[in-house]
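Work through the exercises below with the sequence and coordinates at hand. Each task is followed by a stepwise solution.

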Amino acid sequence: MAPQYDAIVVGAGFGGMGAGIELDRLGLSNYVILEREDDLGGTWHVNHYPGLAVDIASVTYSYSFEPNPYWTRLFAPGAELKKYATHIADKYGLRRRMRFGTVVDGARWDEEHQHWVVSVAGGENVTGRYLLTATGFLSQPYTPPFPGIDTFAGKIIHTTAWEDDFDLTGRKAAIIGTGATAVQLVPEVAKKAQALTVFQRTPIWVVPKVDTAIPAPVQKLFDRVPATQKAARLFNTSLLEALMVVGVLNYTKAKPLNKAAGVLAKAHLRASVRDKETRKQLTPHYDFGCKRPTFSNTYFRSFNQPHVRLETNSIERIEADGIVTADGHKTEIDTLILATGFNLWDVNFPAIEIIGRDGVNLGKFWRDNRFQAYEGITVPKFPNFLSLNSPYSYSGLSYFTTIEAQMKHMGRLFGELFRRGEHTFEVTEHANTEFLDRVTDKLGSSVFYGGDCATARSYYFNPHGEAALLRPTSTLNAHREAVSFPLDDYVYGKSA
Ligand SMILES: Cc1cc2nc3c(=O)[nH]c(=O)nc-3n(C[C@H](O)[C@H](O)[C@H](O)COP(=O)(O)OP(=O)(O)OC[C@H]3O[C@@H](n4cnc5c(N)ncnc54)[C@H](O)[C@@H]3O)c2cc1C
């Protein structure tokens, strides 16, 4: 029984779209992209809260083969990323492959027919020879189970479900959470709300954001002389690479540089916040780099405004008209904004149930053993499966680095498969173990294990305390290995 599709991609964010572009390039054009939302773009479709912008300069945070000369700022606002995603989908003919409003429940390897059976909510099964999951890391919104939240009588908004027409003017608002989203959102809410209380559990390192509008003549130059934008990308990407390799991955050898970043962030805090006690509360007690760094010139300053207050006591319960903290104090509010982020490790590894060869359940395998994936993309016992949001897949700071390394990996792997005239591939246990040993070894010199990350509550760490998200090598290494991994790290076979 032939499968319906050459390939099934789950997720229509930049990862799923990159996979689609590569599938077309490889001639596997009979594919479908299944997406639970009503449109494409993933992160940049779902998130549209005020202040949303990229935290990696846009010359770098985009596909290298599809530069956009018309970014309006160094760090483009979220809406421009959504527009860029739409442009990519149109230019590469991806939209006609996408099925929106399609929630994928799970996937099972059909040994007899040597293809994947993907189950979709509602009972439909879709079959494909290859399965690629691009379900994202930051894609499953999280709301902590605050006691009493159901009794709150005012307006509750999670940042992933922002209502663009909701007017904050005159509101008594609370923002729970001080992660990267809150750093962007707090200054915007402060502009409109009558009162704003920010509930902080873990302070975040914030460094100044060197952002500016990109004047029209520069945009024109980027358009007419693409080499100029390429040069800007190379410059910025090199800076990010240095930050990552030196400050995060080789922390034990380059501690002073990492510490210097912390000193810069502290100086930024001192220069921005007048009140000494607030400054103290906003100072992290973990090393710079344990969490993804954030950039802002306005977050800290927001706390100087008389109507903005930082609350560091833990939340005890939520009542109909306010939030009660452990010290018994009640903050009266009518608007509750949840900047509480995403659940990564419990529900996103993997985001759907995946059953491979011999009935092995991927989520159980990762939890019973260790989180692992060869080159951050394939797993033994899961033939014809590419898990694009895997342990150790996130390479560097711009996610496009990961996407393009994975596209290269696909090119080499499928190229060999076709050369051999085969239809199935599976990574060997040996290659997978060797990769896991290598990344484990390398992590030893990173800030995650060499530094003090105990109080960071960073999503880089899984519940076992392993920093199993980032690939602890340079992005150059990731790209080099994507085009040169030993071809016999895989076994290849005929389909049924
Ligand atoms: C607010 C925010 C700002 C960010 N800023 C940056 C930045 O500046 N720089 C950077 O490098 N990264 C940033 N990121 C990370 C960002 O997620 C990645 O850069 C990138 O967009 C991920 O692309 P993706 O396609 O892998 O995942 P996503 O964009 O998350 O897309 C995953 C898609 O899979 C779909 N999906 C999930 N489960 C299912 C299912 N069961 N069935 C069907 N569909 C499903 C989702 O609906 C979603 O559309 C940011 C993330 C957030 C949340």
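**Exercise 1.** Classify Arg97 as buried, partly exposed or exposed, then find the acidic residue with which Arg97 forms a salt bridge.

Solution.
Step 1. The classes are: buried, under 20% relative accessible area; exposed, over 50%; partly exposed, in between (1.4 Å probe, protein chains only). Arg97 has a relative accessibility of 7%, so it is buried.
Step 2. A salt bridge requires a side-chain nitrogen of Lys or Arg within 4 Å of a carboxyl oxygen of Asp or Glu. Arg97 meets this with Asp24, the closest N and O atoms being 2.8 Å apart.
Step 3. Asp24 sits in helix α1 (residues 14-25) and Arg97 in the loop between α3 (78-91) and β3 (98-99); the pair is 73 residues apart and links distant parts of the chain. Helices (H or I, at least four residues) and strands (E, at least two) are DSSP runs, numbered from the N terminus.
Step 4. Asp24 has a relative accessible area of 24%, so it is partly exposed.

The model is predicted: local features need pLDDT of at least 70 and side-chain atom pairs count only at pLDDT 80 or more, while totals for chains, interfaces and linings use all residues. Residues are numbered from 1 along each chain as its sequence is written, and side-chain values use heavy atoms, with hydrogens and water left out.

**Exercise 2.** How many salt bridges does the structure hold, and which residues are joined into one network with Glu316 and Arg317?

Solution.
Step 1. The total is 30 salt bridges.
Step 2. Glu316 and Arg317 pair through their side chains at 3.1 Å, N to O. Arg317 is partly exposed because its relative accessibility is 33%; Glu316, at 40%, is partly exposed too.
Step 3. Through shared partners, salt bridges join Glu316, Arg317, Glu319, Asp321 and Lys330 into one network.
Step 4. Another salt bridge is the one between Glu163 and Lys155, at 2.8 Å, N to O. Glu163 has a relative accessible area of 32% and is partly exposed; Lys155, at 23%, is also partly exposed.

**Exercise 3.** Locate Thr178 and identify the backbone oxygen that its side chain reaches.

Solution.
Step 1. Thr178 lies in the loop between β8 (172-176) and α4 (180-192).
Step 2. With 6% relative accessibility, Thr178 is buried.
Step 3. Contact means heavy atoms within 4.5 Å. Beyond its neighbours within four places in sequence, Thr178 is in contact with Val198, Phe199, Gln200, Arg201, Thr202, Ile204 and Tyr299.
Step 4. The backbone oxygen belongs to Thr202, and the side chain of Thr178 reaches it at 2.9 Å.

Note on methods: A polar contact is a pair of N or O atoms within 3.5 Å; within protein, one must be able to donate a hydrogen and the other to accept it, and residues adjacent in sequence count only if both atoms are side-chain atoms.
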